[in-house]
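This report describes the fold of one protein chain, from a helix pair to the nonpolar cores. The structure comes first.

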Amino acid sequence: MKKGIALLLMLSTMLMSLTACGGENTSSQEASDSLAEESSVSEPETLIGGEMNLYTWDGMFPQEILRAFEEETGVRINYSNFDYDEDMLAKLEETQGGDYDFVIADDYILELVIAEGLAQKLDTSKLENYGNLNPVFMSQFYDPNNEYTVPYGAGIPLIVYDPALTDVEITGYADLWNPALEDNVAITANYRVINGITLKTMGESFNTEDLDVIRQAGERLLELAPNIRVINDSNTQDFIVSGEVAAAFLYTSQVYMAMNAREDLKVVYPEEGLGFGIMAGFIPSDAPNPDAAYAFIDFINRPENAAACFEYIGYYCTNKAAEEYISDEMREFIVLPEDAAEGEIVQNVSQEAEDLHAEIWNQFRAACD
């Protein structure tokens with residue numbers, strides 16, 4: 001889940017980005033307008049004032065929500081964006097956890113941010129709406145005790161297929177290898193995720209450190225090459241919507257756009273298990289205005305505001321209290337089904353394993369050309 005997803009959502013779009021990784025629909029626009037009006041009414045007695053430096057991907061918040069926060073608190077938001085998580089980390093390292101007040105990034109990079117001491121521990125007593133967060137998306141490997149981060153969106157890549165273009169009944173990742181789908185599949189370009197679903201078809205973990213198992217997955221992945229027509233991170237849903245391919249493995253937001261365009265398509269929650277990608281926010285260790293950051297975290301986690309944000313970005317909603325405010329048309333795409341709560345996140349692995357994944361991916365890409 002990553003920047004690529006967020007940018008896709010500006011288009012509409014995680015939806016997940018889950019990070020490589022936002023455009024709003026009419027209903028979410030109307031909801032955001034209404035929420036902006038409601039939120040600005042209850043202005044606190046003492047304004048916080050000053051500025052808040054927000055750092056994340058482009059298009060992660062409805063403008064109406066940002067404006068309502070500014071009006072309510074007197075805080076001016078300076079919104080800076082990055083393209084890749086690694087760029088964010090380099091910037092934080094350069095400033096030693098300074099310059100920015102609130103940052104939202106992907107799960108794997110958060111582990112490094114915290115390990116390097118670039119995030120400060122949260123004082124949850126300052127967060128009235130902290131209890132609204134969905135525990136399913138908390139206590140993750142990067143922050144097992146929830147000391148530093150608050151979740152803001154989750155991506156769960158899924159398979160979408162057109163039953164009119166194939167007789168294959170797809171129920172899991174393994175079905176993408178079916179010879180009947182030759183030259184008829186589109187996939188995203190995140191190599192750890194694609195290598196990961198190959199491992200899943202073998203009953204293995206996304207994050208195995210066993211190099212022999214990773215090599216076996218590489219051999220199996222090469223067997224998928226004849227079925228691949230498209231490898232693309234941006235607008236991958238266009239290929240299934242247009243009928244150019246019969247099946248596609250898509251980011252959350254792309255799944256939403258595909259199904260919004262064509263209701264006859266089918267969504268598959270792969271039987272081998274789901275892959276999660278979680279975005280989360282943190283306050284840098286030397287943030288200039290942490291009070292504004294706390295106020296912002298609390299503001300976006302009010303149920304109505306959170307619902308507007310998630311409808312806008314198209315990721316799975318990580319605020320449990322907001323679910324009842326999600327519109328019916330969006331609910332099936334961004335509210336996690338109860339039976340799908342178990343999943344695995346792609347995590348950092350040893351450099352040797354990472355290098356092997358990259359080598360396998362390059363071989364696979366060459367075989368698909």
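## Helix pair and cores

In this predicted model, helices α6 and α7 count as roughly perpendicular to each other, because their crossing angle falls in the range of 65 to 115 degrees. The axes of α6 (residues 191–201) and α7 (residues 211–222) cross at roughly 100 degrees and come within 9 Å. On the α6 side the contact is made by Ile194, Asn195, Thr198, Leu199 and Thr201, and on the α7 side by Val213, Ala217, Arg220 and Leu221. By residue class, this contact of α6 with α7 has 5 nonpolar, 3 polar and 1 charged.

The chain as a whole contains 13 helices and 11 strands. Of its 369 residues, 59% count as buried. The chain exposes about 14600 Å², and 42% of that area is supplied by carbon and sulfur atoms.

In soluble globular proteins, nonpolar side chains tend to be buried together. Two nonpolar cores of this chain are listed below.

| Core | Size | Residues named |
|---|---|---|
| Largest nonpolar core | 88 residues | Most contacts inside the core: Phe61, Met88, Phe102, Tyr152 and Phe296 |
| Another core, apart from the largest | 33 residues | Among them Val168, Ile187, Ile194 and Ile228 |

Helix α10 (residues 290–300) supplies the largest share of the 88-residue core, with 8 residues. Tyr152 is one of the residues with the most contacts inside that core. Setting aside neighbours within four places in sequence, Tyr152 is in contact with Met60, Phe61, Ile104, Met279, Ala280, Ile300, Cys309, Phe310, Ile313 and Thr318. Ile194 belongs to the core of 33 residues and also takes part in the contact of α6 with α7.

Key: Residues are numbered from 1 along each chain as its sequence is written. This is a predicted model: local features need pLDDT of at least 70, side-chain atom pairs count only at pLDDT 80 or more; totals for chains, interfaces and linings use all residues. Side-chain values use heavy atoms; hydrogens and water are left out. Axes are lines fitted to C-alpha atoms, for helices over the stretch in contact, and angles run from 0 to 180 degrees between N-to-C directions. Helices (H or I, at least four residues) and strands (E, at least two) are DSSP runs, numbered from the N terminus. Angles under 35 degrees count as roughly parallel, over 145 as roughly antiparallel, 65 to 115 as roughly perpendicular and the rest as oblique. Contact means heavy atoms within 4.5 Å. Ala, Val, Leu, Ile, Met, Phe, Trp, Tyr, Cys and Pro count as nonpolar, Asp, Glu, Lys and Arg as charged, and the others, Gly among them, as polar. Buried means under 20% relative accessible area, exposed over 50%, partly exposed in between (1.4 Å probe, protein chains only). Accessible areas come from the Shrake-Rupley method with a 1.4 Å probe; for residues, only the protein chains shown count as cover. A nonpolar core is a set of buried Ala, Val, Leu, Ile, Met, Phe, Trp, Tyr and Cys residues joined through side-chain atoms within 4.5 Å.
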